[in-house]
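Reader: I would like to go through this model step by step, beginning with one of its proline residues. Please give the reasoning along with each answer.

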Amino acid sequence: MPNHFLSLTDYSSEEIENLLQLAIRLKREHAQGGNRPSLRGKVLGMIFQKPSLRTRVSFDMAMRHLGGDALYLAPNEIGLGQRESVADVSRVLSSYVDAIMARVFAHEHILELAEYSRVSVINGLSDHDHPCQAMADFLTVREVKGRTEGVKLAFVGDGNNVAHSLLEAGALAGMEIAVASPPGYAPSPQVVADARALSRTTGGVIEVFEDPRDAVRGAHAVYTDVWVSMGEDAEREERLRTLRPYQVDEELLALARPPAIFMHCLPAHR
């Protein structure tokens, strides 16, 4: 069976730590002018329902650095679940490539791709999770703060897919994760419950607030996301009105623990 990367909760704390350590070593080797050709002859198929600057370039360049290649499939080239069923796309593509990364709208599409694929499927984003983003963010926290265990990260705004993966990653890493969202925009209660259960085994702390000041107070890192993501344009005015009190500005950031870092998964709407 292929080893998929769909959600961080599919992995143990030790496995997540090993991935972070590997990323640190690979990044250091690349900075020193050397790359491991460990993926020579391998091809990553990249399915994009939602376009992205960082996701496309990150995966493409990672494959090049490791000696492999990446095949980009634009939103209009497949019509995932429309021109062809998700199952058929998975069956066909996985017979050509060595792994698949997919950036989709519905999390069900990621699960179905994995179900019918002959090769590993990586969740490059879905409406429920963004595990690769959280791994990159925790690598940043590790590099800047020197550790993840015991670090407090506050997420302010829409309790979306990024918030879900940060909650899961934080619980696995023994961090304190505090999320502040307005009513109706809180993270999934099931994700929060699962993260709290995980955190009891790692010494982490999971908190959910409505007041952003409660979440940010004493944080080592303050994180936010856009208020209107792709596919949410119909809710634009309501979202801007509801989330404006959750804007991260100098006044809110002053409640964090100096020297706090500000984080954003981008693109940013300033």
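Author: Before the questions begin, please keep in mind that this is a predicted model. As a starting point, Pro-267 belongs to the segment that follows strand 9.

Reader: What is the omega of the peptide bond that joins Leu-266 and Pro-267?

Author: Most peptide bonds are trans. The bond joining Leu-266 and Pro-267, however, is cis, and Leu-266 is itself placed in the segment after strand 9. For this cis bond, omega is about 0°.

Reader: Is Leu-266 buried, partly exposed or exposed?

Author: The backbone of Leu-266 has a positive phi of about 65°, although the residue is not a glycine. As for its accessibility, buried would require under 20% and exposed over 50%. Because the relative accessibility of Leu-266 is 39%, the residue counts as partly exposed.

Reader: Which residue follows Pro-258 across a cis peptide bond?

Author: The bond in question leads from Pro-258 into a loop residue, in the stretch between helix 11 (250-253) and strand 9. Its omega is near -5°, and the residue on the far side of this cis bond is Pro-259.

Reader: Where does Leu-125 lie, and is it buried or exposed?

Author: Most residues other than glycine have a negative phi. Leu-125, which is not a glycine, has a positive phi of about 155°, and its place is in strand 4. Because its relative accessible area is 6%, under the 20% cut-off, Leu-125 in strand 4 is buried.

Reader: Which residue in strand 4 stands opposite Ala-102?

Author: Strand 3 (residues 99-103) and strand 4 (residues 120-125) run parallel and are joined by 5 bridges. Together with helix 5 (residues 107-116), these two strands make a right-handed β-α-β unit. Within strand 4, the residue opposite Ala-102 is Asn-123.

Reader: Through which helix does the chain cross from strand 1 to strand 2?

Author: Strand 1 (residues 43-48) pairs with strand 2 (residues 69-73) in the parallel sense, over 5 bridges, and Leu-44 stands opposite Ala-70 in strand 2. The β-α-β crossover between these strands is right-handed, and the chain makes it through helix 2 (residues 53-65).

Reader: How far apart in space are Arg-64 and Leu-39, C-alpha to C-alpha?

Author: Arg-64 has its place in helix 2, and because its relative accessibility of 52% is over 50%, Arg-64 counts as exposed. In sequence, Arg-64 and Leu-39 are 25 residues apart. From C-alpha to C-alpha, their separation in space is 8.7 Å.

Reader: With which side chain does the side chain of Arg-239 make a polar contact?

Author: Arg-239 lies in helix 10, and because its relative accessible area of 6% is under 20%, Arg-239 is buried. Its side chain makes a polar contact at 2.9 Å, and the partner is the side chain of Asp-158.

Reader: How much space lies in the second largest pocket, and which residues are closest to its centre?

Author: The second largest pocket holds about 440 Å³ of space. Among the 17 residues that line it, those closest to the centre are Gln-247, His-264, Ala-268, His-269 and Arg-270.

Reader: How many nonpolar, polar and charged residues does the lining of the second largest pocket have?

Author: Helix 10 (236-243) and strand 9 (261-264) each contribute at least two residues to this lining. Sorted by class, the lining of the second largest pocket has 9 nonpolar, 4 polar and 4 charged residues.

Terms used. Residues are numbered from 1 along each chain as its sequence is written. This is a predicted model: local features need pLDDT of at least 70, side-chain atom pairs count only at pLDDT 80 or more; totals for chains, interfaces and linings use all residues. Side-chain values use heavy atoms; hydrogens and water are left out. Two strands pair if DSSP finds at least two bridges between them. Helices (H or I, at least four residues) and strands (E, at least two) are DSSP runs, numbered from the N terminus. A crossover is right-handed if, with the strands pointing away from the viewer, the path from the first strand over the helix to the second runs clockwise. On a 1 Å grid over the protein atoms alone, a cavity is a set of points where a 1.4 Å probe fits but cannot get out, and a pocket is an open set with protein on both sides within 12 Å along at least five of seven lines; lining residues have an atom within 4 Å of a point. Grid points are joined across faces, edges and corners, and a volume is the space filled by probe spheres set on the points. Ala, Val, Leu, Ile, Met, Phe, Trp, Tyr, Cys and Pro count as nonpolar, Asp, Glu, Lys and Arg as charged, and the others, Gly among them, as polar. Buried means under 20% relative accessible area, exposed over 50%, partly exposed in between (1.4 Å probe, protein chains only). A polar contact is a pair of N or O atoms within 3.5 Å; within protein, one must be able to donate a hydrogen and the other to accept it, and residues adjacent in sequence count only if both atoms are side-chain atoms.
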